[in-house]
Amino acid sequence: ENRIYLQLSEFYKASFTPSQNVKIGEYNYDVILKSKDTLKNSDRIVEIKFLKTKLTLDVIKDAATQLILASKHYDNSFKRRTMPFLIIIYSDNEFDLALKDFKIKVEEYAKTLSKPLRVNFIDRKKIDETRPTDYLKV
């Protein structure tokens, strides 16, 4: 999680003020990128989910739902627009086989939520070579 935060904060520092592991009210935020120009960019709320066991849709649905609730709380608390991102880090080769179908199911679920949510999957072995723009791909 920290490596991803460092990559994001370094890359986006000209446009955003980064914060890590923030608690606002009852919600925890892995990463907040607060826009320096709210007319140009909305704030980015980033949840990083590491999958250590097999892929289960329920775990991702719970994370997505919590992220949407946290994002709405942030919107209401600070009167700022947010764009929530769920970054799913997986580390087992067995995920590669089922990943395509799983991604489709997660994206379909994300469309049912009350606020748009971006979901991006990253192989844990490729974190160091992943570009920050891939984490926050729209």
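How many of the nine residues of strand β4 (residues 82–90) are buried? Nine of the nine are buried, and the strand is mostly covered. This is a predicted model.

**Strand β4 and its two faces**

In a regular strand, side chains alternate between the two faces of the sheet. In β4, both faces are covered. On one side sit Thr82, Pro84, Leu86, Ile88 and Tyr90. On the other side sit Met83, Phe85, Ile87 and Ile89. Every one of these residues is buried.

**Strand pairing**

β4 has a parallel partner in strand β3 (residues 43–51), with nine bridges between them. Here Arg44 has Met83 of β4 as its bridge partner. β4 also pairs in the parallel sense with strand β5 (residues 118–123), over six bridges. Two residue pairs mark this pairing. Phe85 stands opposite Arg118 in β5, and Ile89 has Ile122 in β5 as its bridge partner.

Strand β1 (residues 16–24) pairs with strand β2 (residues 27–35). These two strands run antiparallel. The table sets out the three pairings.

| Strands | Sense | Bridges | Example residue pair |
|---|---|---|---|
| β3 and β4 | parallel | nine bridges | Arg44 and Met83 |
| β4 and β5 | parallel | six bridges | Ile89 and Ile122 |
| β1 and β2 | antiparallel | eight bridges | Ile24 and Tyr27 |

**The β1–β2 hairpin**

β1 and β2 form a hairpin. Two residues lie between the strands. Gly25 is in the turn, and its phi is positive, at about 65°. Ile24 stands opposite Tyr27 in β2.

**Strand β5**

Why is β5 described as largely enclosed by the rest of the structure? Five of its six residues are buried, so the strand counts as largely enclosed. β5 thus has a burial count to set beside its six bridges to β4.

**Pro132 in helix α4**

Pro132 belongs to helix α4 (residues 132–135). Is Pro132 buried or exposed? Its relative accessibility is 14%, so Pro132 counts as buried; the cut-off for buried is under 20%.

Which residues does Pro132 touch, leaving out those up to four places away in sequence? The contacts are Gln7, Leu8, Phe11 and Tyr12. Arg118 offers a reference point in β5. Pro132 and Arg118 are 14 residues apart in sequence. In space, the two are 14 Å apart, C-alpha to C-alpha.

Notes:
Residues are numbered from 1 along each chain as its sequence is written. This is a predicted model: local features need pLDDT of at least 70, side-chain atom pairs count only at pLDDT 80 or more; totals for chains, interfaces and linings use all residues. Side-chain values use heavy atoms; hydrogens and water are left out. Buried means under 20% relative accessible area, exposed over 50%, partly exposed in between (1.4 Å probe, protein chains only). Helices (H or I, at least four residues) and strands (E, at least two) are DSSP runs, numbered from the N terminus. Two strands pair if DSSP finds at least two bridges between them. Contact means heavy atoms within 4.5 Å.
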